[in-house]
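Let's talk through a structure together, one question at a time. Have a look at it first.

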Amino acid sequence: MKNLLYIISLCGLLTACDLQEEPYGFYSDDNFYKNETDAESGLLYAYNALTFLEYSRGIFYIGDIPTETMSPKSDEAGDVYQLENWIAGRETEQLKYYFKYCYIAINRANTVIDHIYNSSALSETARRRILGEAYFLRAWNYFNLVRTFGVVPVQTQMVAELSQTTPPMATGLDQLYDLIFGDLARADELLEVNKVFGRADKVAAQALMAKAYLTVASSKEHNVYRYTEMRREPQIMYDSAAYWAGKVVRDYKNSYDFDDNLRDIYDVNKPTGPEHIFIMPIDRSGTQEGNYSKLPLLFLPSNNSVPFYIRYGNGDLQRANGNGWGVFLCNDEFVETQFSTTDKRRTELIHRDIYDVSGNPIVPNQVKGYFSSKYVDPDFIGERTSARPYLIRFSDIALVYAEAAGPEEGLAYVNRIRERAGVTPLPSGMTVDKFREAVIKERALELAFEGNRLYDLRRTASVTTTDIKAAGLSEAEAAYYPIPQREIDLNPNL
Amino acid sequence: MKTINRCLRSRWLLALFASLFLAVGASAQNEVRGRVTADGQPLVGASVIIKGTTTGTSTDTSGDFTIRAKSGAVLSVGFVGYKTREVAVTAGATFLDIVLEAEEALIDDVVVIGYGSMKKSDLTGSVVSVKMDAIKDISAPSVEGLLQGRAAGLQIMNTSQDPGAGAVVRIRGNSSLNGSNTPLIVVDGFPIGDAGNLSQINPSDIESIEILKDASSSAIYGSRGANGVILIQTRTAKGGSTQVSVNHRTTIGQFTDELNVWRNPLQMAQIANEELTNAGLPALYTGQYNNGTYYPSLIEIQQGKWSNTDWADLCMRTAVVNNTTATLSHSTDKAAINLSLNYFDDEGVYKKDNFRKGNVTLNGSYKLAKNFTLQTSNIFSIHKRHVNNTLEYGRNPLWPVYDEDGNYFVASETDFGHPLIISDNVKNETQGRDLISSLAAEWEIVEGLKIRTQLNYNYSTTVQDVYNASNTSQEAHDMNGIAQMNNSLSQDVLSETYITFQRTFADRHNLSVMAGHSFDYNMGRTLGTTAYDFVNDALGNENMGAGNPQKNVINNTYQNSKLLSFYGRLNYVLDDKYLFTFTMRADGSSKFGKNSKWGYFPSGAVSWKLHNEPWMQKLNVFDEFKIRASWGLSGNQGISPYQTLNRYGTEKYWFADKWQTAIGPGYEAGREGANDRYILWGGISNPDLRWESTRQWNLGVDLAFFRRRLRVTMDYYDKYTTDLLREKYLPLSSGYDKMWVNDGNIRNRGFELTLDGDIVSRKNTSLSATFIFSRNRNKVTDLGNAVSSGLSTDYLTGMQYEVCGQSLSMFNGNPSVYAIGYPMYVFYGYRVDGIIQQGEDPGFMSSDGKDLPGELKYVDLNGDYAIDDRDRCIIGDPNPDFTASLNLAFRYKNLDVSVFLNGVFGNDVIYNGYTYDPRVKIKRWTPDNPTNKYPRLNSTRSYLFSDYFVHDGSFVRMQNINIGYTIPVRKAFIRSVRVFANIENAYTFTEFDGYDPEVGVDGIYWGGYPRLRKYTIGLDLKF
């Protein structure tokens, strides 16, 4: 009996000595990044940060709402109201979450880079591709940060412990653009041309490079706040933007080109069309918002929960959700004064009337304003749709090229877009300044409601002159949103 | 009534044994006859054994016995509750009249404490023994709810009346923000976990319950002792006899209040129209379709073309509970066995909503040798819960039950509220099995030195079946049916070994020492499967493979934790006057950071029995005067396993035409914002994370007067919890939101008083009363660094706070806060000063009509003529000022009556949805009815959380009235018959307007349905 007691006691002691915790049922630094599939999966995690609604809706909340092109329905309160009326500040949730998700995405990309930079666990081809995409993503998120918030903290390593959670502020815009250009140059070198829905390739890296160079070029030229401190020369920046955009628009015609059919660009079932250089991979079969999207609900008006139809010029009817929220309505004045009446981008993509299944107008039409049909999924399941934000479009880069390269090289590209829209071409012989002004206006029409306009206004220092609600803002207020309060409170290294 | 039947024994078995032995050993023996009595009454079933032999008998119904014994032999006569007497058989004496004396009550009771037991009179800490007699006649699925008001410092909230529902249990307040605030429950020496719903154990099987309150008594449970400990001992067979008993209770429940629903559809429609018109919207009941639903006009309703359905009648029924227990216990010198069976069936107030359980308890012990005993305790229970308790009994009475075709009527394509459709087509059933088992060996190596080793095993498994047919909700409709099957399994293995040594030296030094160690391994795993898209609803979730395989969702979890402990206790009593107790426990837990796995929890107590001092005895006032002081440290483990580790998350990414798994740093550690839409990211490791620790002072005094007929216990405590486990916010640029740290302090101070009196104590009549008073003051004293904790600051006072608890959709936010300097869960919001009257300046301006006549008149605290965040202040406290209870027990011969009152005083309750209630709506403000109490109707009004919704939650409840009668029987096979009847929740005195003010710790009233008044009749038979 004595022995039994000893045995029981001893068993207890021996098994107990190890109080170390082994992770079970979740991945961690200890059991992940062991092979190529891990690395691939880690990379997808970095991509997926872009799909969270705090980030993906920010494309429109920040890119379009504050401008003259888009307005929420009149009773919309909270963040949208603040952004629309240029009274958003450090506490505005949408800005806080946009900021947060940029860094979540950066941390996810940093984790990929830190783990596979020197890894021998995967093939060289895979390592180059995954590393290249991770660099692209890091640059993508820093570019979003710099054009939304200006000078921000810099984090280039994965955050693993408390001491790494307070990154220092960048010394200036130069440091941030050094990082962006450096990452994109590495991405360009590491990546191949490889058009895949939902992923970035060499061309995406070049396209983003062109956009970033153009942002520096025009911001510097227009003396945008803090860009004046930058050491980079505007002309060299324009040339660089033209160089990289030129490669994109000329060199990969088999994969990337204009889509001659305007409506096909916005067809949810054609995400691999020639226009799409980088598009968010959303599918209505997803189980949570982010995997599927509710974008159509934001854009469409309500028809008392009864699905309605949008009618196109050729008589096509497109089914649409009937329970829209009408948050992203097109501004009346913008639609009525900026587009020519024959512009297909107005006649085909902006609507006010709604129809029933037989094509008869629904009376009374309770639609309160113009709405865009760039985000409509006729095959929606309840509130789940496949409508996706267009992250980089070929026409965007064509216009970047035109703006950077000037009228001689660029006119053909602008006119190609105008021709597709059914409007008269721009005349030749414009001055560079006039031409660039015309391109910026073209961008407003072509890329309307695609999260572009605010950044064009900012880099040309024309926020306060274009949107009456922004009149009277200081240079700094017009150029950047303030860094969110929580970051100011908690990060002593700012 | 001439026999005493309080405790019964089996005679026939002993008689059988006795006759066998007699047959063997009969020689030169005389027949000795006698009678055993106590208080002038014969004792039935008293044991009469010849000392030093196993020969014995027991008394018959007249208290008489006959035994053959040699002259000079000594008879040992015993009966439970009486002192055993030894009587010598003298030659010639043929009839012995033996009178037993009752054992001196209470003072020498042995109470169970952690890892041992001790005489109640020697306790140095604050320990309360619950009188099981007071609660034995009440029918309940688990014991905790019955403890309400039964012990000072113990707060019980019976917040739910659903079948099988448990209770919220607190000892001396709340002391943790994120960890558990629930006491540890220990069954037969086995720490089971948090108290609240111990439905595995039939309350009838419980022999005793002890509540360990102060640190000196609970610190022996170390890292799990900070919230106090409830020790439960289950029944074991005793006293060398066989006992069989059967008891049954049937309970029916009736609402104590009317259901708050529309009974007059015309009035409902008028109110609804007025609500919309006031908001500037078109009226609803106008004979038009709205959103696919036809709303008749007032005239149509008046004409009676539409029904007035009593939905409550269709959804609900009289609640009935049946509870039957049968026990068999048998013991001999060497072995004892106790077997108990229970069936409990609770049919809730909603139709088809029920809870059933069956329970088998088998305890046994066997003396392998004189000094070596084996013990085992096994509790097996099986339960089944069918949930059907969210039926919409307040559905629009205009909607008929059936349409013209005899199908269930639905108002529109999106109407999924028909209670009978849901009742018929939603399946939600959980079945569970629990096993709590222990095996122990106790060896007394030499006298006073014992070693005990115990192996405990707790196994629990549940299976949940869910099916939502496509006509039961929007989601189920969109997904063509949702089927689920969820399994969980958990087990806990605890090995425990300790040595106790007890000896008295030189007649004045009484020493007892205990030392031991334990190892606890806890494991839990779950598997959940969901399938969608079924061709029809015929099979429910019976064949989940028939769903759309592309939409299947599977999730599983696993976690384990280990706890290694060493502990010891030293008790020293000098001259039966000065008592000292020291305890120490070291706990190592796998849950904590690698730099702080171990925690040390010491405690000490001293006590002085003044009544044993000669100078005090001279006073001749106090039968007991004991003062106690203790200090100790205990801990709270607070968090789930793996919180200190770095952790990745998994998500899905659409790529190459399918959903691919994406994995990386950061996982969903919580949510924030309206409707919890924003994820909070966690996953950074914190190797320094450690226990919450609570240090507690306790000062107490125990007094007894008038030959112990009046007993008083008072305690004052001061409990200070530091190193609270909290999540602190990180800078956004870290890519994370929060991480676990130790930060913040909470203080609980309080006073407890128990008065126990035997007012009348005569042979046939007795009356006793117990009065219990508890008062606890809770205060959050520190919430860490204001910035990193993300604390907000009150504009007017500079008070720092953070929101806590749950969000209320009516106010689009959380009403409760943790505020420095205030109790936990205080309410933070606006003040309202009546209703704005016509022509009155409300004192503020509002862009959305809050300043119109008939609206709530918010108080503009900061005087800027606007109502915004800066006008908020603390507007209520859900913590009671004090609680008190009174139990009266009366006995006249075989009739016993008890009345139990319980009261909670000075707590505030949030009446969530107050202005949505029909009873409030009809009293609305109108220009013709300028009330200052009820706002006008306005369907688009947004509510700010204000003191208008904070109501006084004080109440005094006539909790239980019980009448029992013990029928004297003389039949040989039956020992006792007791019939009883009781009413639970007989009457409640309260100012609260809702159904009932007894709500959870956060003080939020959710409506639900009225509290039930429960009528029970019961029968106890003993054989």
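Below, a student and a tutor discuss this predicted model.

Student: How many residues does the largest nonpolar core have, and which helix gives the largest share of this core?

Tutor: Good place to start! The largest nonpolar core has 259 residues, and Phe136(A), Leu208(A) and Ile397(A) are among those with the most contacts inside it. Its largest share is 14 residues, and these come from helix 6 (residues 93-116) of chain A.

Student: How many residues are in the second, separate core?

Tutor: That core includes Ala312(B), Val349(B), Leu391(B) and Met479(B). In total, the second core has 21 residues.

Student: Is Leu176(A) buried or exposed?

Tutor: Leu176(A) sits in helix 8 (residues 173-190) of chain A. Leaving aside neighbours within four places in sequence, its contacts are Tyr142(A), Val146(A), Val151(A) and Ala170(A). The cut-off for burial is 20 or more other C-beta atoms within 10 Å. Because Leu176(A) has 20 other C-beta atoms within 10 Å, Leu176(A) is buried.

Student: How far apart in space are Leu176(A) and Thr341(A)?

Tutor: In sequence, 165 residues separate Leu176(A) and Thr341(A). In space, taken C-alpha to C-alpha, the distance between Leu176(A) and Thr341(A) is 43 Å.

Student: What feature does UniProt place at residues 120-229 of chain B?

Tutor: Happy to help! This span is 4% helix and 26% strand, with its end C-alpha atoms 17 Å apart. The unreviewed UniProt entry gives residues 120-229 of chain B as "domain: TonB-dependent receptor plug".

Terms used
Residues are numbered from 1 along each chain as its sequence is written. Chains are lettered from A and ligands numbered from 1 in the order in which they are written. This is a predicted model: local features need pLDDT of at least 70, side-chain atom pairs count only at pLDDT 80 or more; totals for chains, interfaces and linings use all residues. A nonpolar core is a set of buried Ala, Val, Leu, Ile, Met, Phe, Trp, Tyr and Cys residues joined through C-beta atoms within 7 Å. A residue is buried if 20 or more other C-beta atoms lie within 10 Å of its own, exposed if 12 or fewer, and partly exposed in between; C-beta atoms are placed from the backbone. Helices (H or I, at least four residues) and strands (E, at least two) are DSSP runs, numbered from the N terminus. Two residues are in contact if their C-beta atoms, placed from the backbone, lie within 7 Å. UniProt positions are given in the numbering used here, feature names are shortened, and annotations may be inferred rather than shown by experiment.
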